[in-house]
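Colleague: I would like to learn how to read the features of a model such as this one, taking them one at a time. Could you begin with the aromatic residues?

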Amino acid sequence: QVQLVESGGGLVQPGGSLRLSCAASKSFRLNVMGWFRQAPRKERDLERELVATITSGGSTNYASSVKDRFTISRDNAKNTMYLQMNSLKPEDTGVYYCKLVVRTINLEVWGQGTLVTVSS
C-alpha cells in the first residue's frame, strides 16, 4: 500500500513564504504528482482545487491563481515532492493535499492534508 505524507503547513502572514513537502512510501518510474487545496467554507464544499502538478520527467503545470508565486518540484531519489509558496495571500488559506497518479497501474493516492493559514 502506497502512502503519502505531507508536512510544512502552518500559519504565515500575508506576503510570507512556506514550503510544503510530500513524501511517498514507494517509487514509480512513470507518475504524476500534484498539489490540491480545499478552502474553508461555511457550507460543506468538498471540491479540491488544483494548484500544481509535476510529472516524473519534470514537466509542470500551475493554476493561474498561483503561477509566478508558487513553484512545484520533486526529488525522485527521495520520492518527495515540494511546493514552494511565496507572496502568500489570505485566499491561499486551506488544506493542501498531495496526490500521486500512476496511470499504468490505475493507482491514485491522496495524502492526509496539511493546513496552511495566511493571516495577519
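Modeller: The model is a predicted one, and a good place to begin is a cluster in which ring pairs link Phe36, Tyr97 and Trp110.

Colleague: How should a pair of rings be described, and how many aromatic pairs does a search of the whole structure find?

Modeller: In general, a pair of aromatic rings is described by the distance of the centres and the angle of the planes. Here the search of the whole structure yields two aromatic pairs. In one of them, Phe36 and Trp110 meet edge-to-face, with 5.0 Å from centre to centre and 65° between the planes. That pair links distant parts of the chain, since Phe36 belongs to strand S4 (residues 32-38) and Trp110 to strand S10 (residues 107-110), 74 residues apart. Tyr97 and Trp110 also form an edge-to-face pair, at 6.4 Å centre to centre and with 90° between the planes. Tyr97 lies in strand S9 and Trp110 in strand S10, so this pair ties together parts that are 13 residues apart in sequence.

Colleague: Which of these rings are buried and which are partly exposed?

Modeller: Tyr97 has a relative accessible area of 12% and is therefore buried, and Phe36, with 15%, is buried as well. Trp110 has a relative accessible area of 33%, so this residue counts as partly exposed.

Colleague: What does Tyr97 touch, leaving aside residues up to four places away in sequence?

Modeller: The contacts of Tyr97 include Glu6, Gly34, Trp35, Phe36, Gln38, Arg48 and Trp110. Arg48 deserves a closer look, for its charged end sits over the ring of Tyr97, 3.6 Å from the ring centre. Arg48 also lies over the face of Trp110, at 4.6 Å from the centre of that ring.

Colleague: Let us turn to the disulfide. What does the term mean in general, and which residues does a disulfide join here?

Modeller: A disulfide is a covalent bond between the sulfur atoms of two cysteines. The structure holds one disulfide, and this bond joins Cys22 to Cys98 with an S to S distance of 2.1 Å. The pair links distant parts of the chain, with Cys22 in strand S3 (residues 18-24) and Cys98 in strand S9 (residues 94-102), 76 residues apart. Both Cys22 and Cys98 are buried.

Colleague: Why is the disulfide of Cys22 and Cys98 described as right-handed?

Modeller: The torsion about the S-S bond of Cys22 and Cys98 is about 60°, and the disulfide is therefore right-handed.

Colleague: How do strands pair in general, and in which sense, parallel or antiparallel, do S9 and S10 pair?

Modeller: Strands of a sheet pair through backbone hydrogen bonds, and the pairing is either parallel or antiparallel. S9 and S10 pair in the antiparallel sense over four bridges, and Val102 stands opposite Leu107 of S10. The hairpin of S9 and S10 has four residues between the strands, and in this hairpin Asn106 takes a positive phi near 55°.

Colleague: What is the order of the strands in the open sheet of four strands, and which are the edge strands?

Modeller: The open sheet of four strands follows the order S1-S3-S8-S7, with antiparallel pairing. Its edge strands are S1 (4-7) and S7 (70-75), each of which pairs on one side only. Neighbouring strands of this sheet are turned against each other by 15° on average, with direction ignored. S7 and strand S8 (residues 80-85) pair in the antiparallel sense over six bridges, and the bridge partner of Phe70 in S8 is Met85.

Colleague: You mentioned a positive phi; how should such a value be read, and where is Asn79 found?

Modeller: Most residues other than glycine have a negative phi, so a positive value in such a residue invites a second look. Asn79 is found in the loop between S7 and S8, and its phi is near 55°, a positive value in a residue other than glycine. With a relative accessibility of 21%, Asn79 counts as partly exposed.

Colleague: What is the phi of Ser87, and in which loop does Ser87 lie?

Modeller: Ser87 lies in the loop between S8 and S9 and has a positive phi of about 50°, although it is not a glycine. Its relative accessible area is 41%, so Ser87 is partly exposed.

Methods
Residues numbered from 1 in each chain as written. Predicted model: local features only at pLDDT ≥ 70, side-chain atom pairs only at ≥ 80, totals over all residues. Heavy atoms only, no water. Disulfide = S-S within 2.5 Å. Helix = DSSP H or I, 4+ residues; strand = E, 2+ residues; numbered from the N terminus. Buried < 20%, exposed > 50% of the residue type's maximum accessible area, 1.4 Å probe, protein only. Contact = heavy atoms within 4.5 Å. Phe/Tyr/Trp six-rings, centres within 6.5 Å; stacked < 30°, edge-to-face > 60°. Lys NZ or Arg CZ within 6 Å of the ring centre and 35° of its normal. Pairing = 2+ DSSP bridges. Axes fitted to C-alpha atoms, helices over the stretch in contact; angles between N-to-C directions.
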